Amino acid sequence: MTLSTRYQGKPMLVYLDAYVLDALGALEPEKSAGFQDMLPKLRAALNTEADTWQQVVERTMEMPPDSVDALRAMWERHVHETINAGGTPDVLEWTHALVDARFGDE
């Protein structure tokens with residue numbers, strides 16, 4: 001699956017992937033700024049008030065307040081397990097797998 005087909009017909013998936021990558025410090029600053037620039041349209045489309053695009057995702061997906069910390073802890077566990085097994089962790093691959101498992105119907 002390519003990125004273009006991954007997001008086809010699933011606009012929220014773009015934001016979910018970006019949210020996870022941002023929580024892990026792996027989202028390019030330009031992309032984060034671009035999402036922030038889209039905030040007025042995102043708020044209107046999802047009918048929610050928020051100061052940041054990350055808050056829009058959290059509120060829309062009804063995420064718990066500790067989501068960022070939980071994501072970081074899960075990623076750290078994954079990194080350690082992968083390295084101990086002789087592998088190399090891939091943040092994008094892990095993000096896609098996590099988002100698909102948790103929000104596959106979005």
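**Exercise 1. Is N47 buried or exposed, and what is its relative accessible area?**

Solution. Begin with the status of the coordinates: this is a predicted model, and the average pLDDT of the chain is 93, with 95% of the residues scoring at least 70. Next, place the residue, which lies in the loop between α4 and α5. The cut-off for the exposed class is over 50% relative accessible area. N47 has a relative accessible area of 71%, so it is exposed. Its backbone also deserves a note, since phi of N47 is positive, about 50°, although the residue is not a glycine.

**Exercise 2. Carry out the analysis for E62, and state where it lies and what its phi is.**

Solution. E62 is found in the loop between α5 and α6. Its phi is positive, near 55°, and E62 is a residue other than glycine. With a relative accessible area of 70%, E62 counts as exposed.

**Exercise 3. Test whether the length of helix α2 agrees with its number of residues, and then describe how the helix is enclosed.**

Solution. Helix α2 covers residues 11-23, which makes 13 residues, and at 1.5 Å a residue it should span 18 Å. The C-alpha atoms at its ends are 19 Å apart, which agrees with that expectation. For the second part, a residue counts as buried under 20% relative accessible area. Ten of the 13 residues of α2 are buried, so the helix is largely enclosed by the rest of the structure. Among these buried residues are M12, L13, Y15, L16 and D17. Beyond the helix comes G25, which has a positive phi near 75°.

**Exercise 4. Which residues have the most contacts inside the largest nonpolar core, and which elements build it?**

Solution. The largest nonpolar core holds 28 residues, and L16, W53 and V57 have the most contacts inside it. Two or more residues come from each of α2, α4 (39-46), α5 (53-60), α6 (67-84) and α7 (91-103). The greatest contribution is that of α2, which gives nine residues.

**Exercise 5. Trace the polar and charged partners of R6, beginning with its own setting in helix α1.**

Solution. R6 belongs to helix α1, and at a relative accessible area of 5% it is buried. Confidence calls for some care here, because the chain has its lowest mean in helix α1 (residues 3-6), at 78, whereas its highest is in α6, at 98. The side chain of R6 makes polar contacts with the side chain of D17 at 2.8 Å and with the side chain of H96 at 3.5 Å.

Turning to charge, side chains of opposite charge can pair when their charged atoms come close. R6 and D17 form a salt bridge whose closest N and O atoms are 2.8 Å apart. This pair links distant parts of the chain, since R6 is in helix α1 and D17 in helix α2, eleven residues apart. Both R6 and D17 are buried. A salt bridge also joins D100 to R6, with the closest N and O atoms 3.0 Å apart. Here D100 in helix α7 and R6 in helix α1 are 94 residues apart. D100 is partly exposed, with a relative accessible area of 38%. R6, D17 and D100 are thus linked in a network of salt bridges.

**Exercise 6. How many salt bridges does a search of the whole structure find?**

Solution. The search finds three salt bridges. One of them is formed by E28 and K31, with the closest N and O atoms 3.8 Å apart. E28 is partly exposed at 37% relative accessibility, and K31 is also partly exposed, at 48%.

Note on methods. Residues numbered from 1 in each chain as written. Predicted model: local features only at pLDDT ≥ 70, side-chain atom pairs only at ≥ 80, totals over all residues. Heavy atoms only, no water. Helix = DSSP H or I, 4+ residues; strand = E, 2+ residues; numbered from the N terminus. Expected span 1.5 Å × (residues − 1). Buried < 20%, exposed > 50% of the residue type's maximum accessible area, 1.4 Å probe, protein only. Core = buried A, V, L, I, M, F, W, Y, C linked by side-chain atoms within 4.5 Å. pLDDT = per-residue confidence, 0-100. Polar contact = N/O pair within 3.5 Å; in protein donor to acceptor, adjacent residues only side chain to side chain. Salt bridge = Lys/Arg side-chain N within 4 Å of Asp/Glu carboxyl O.
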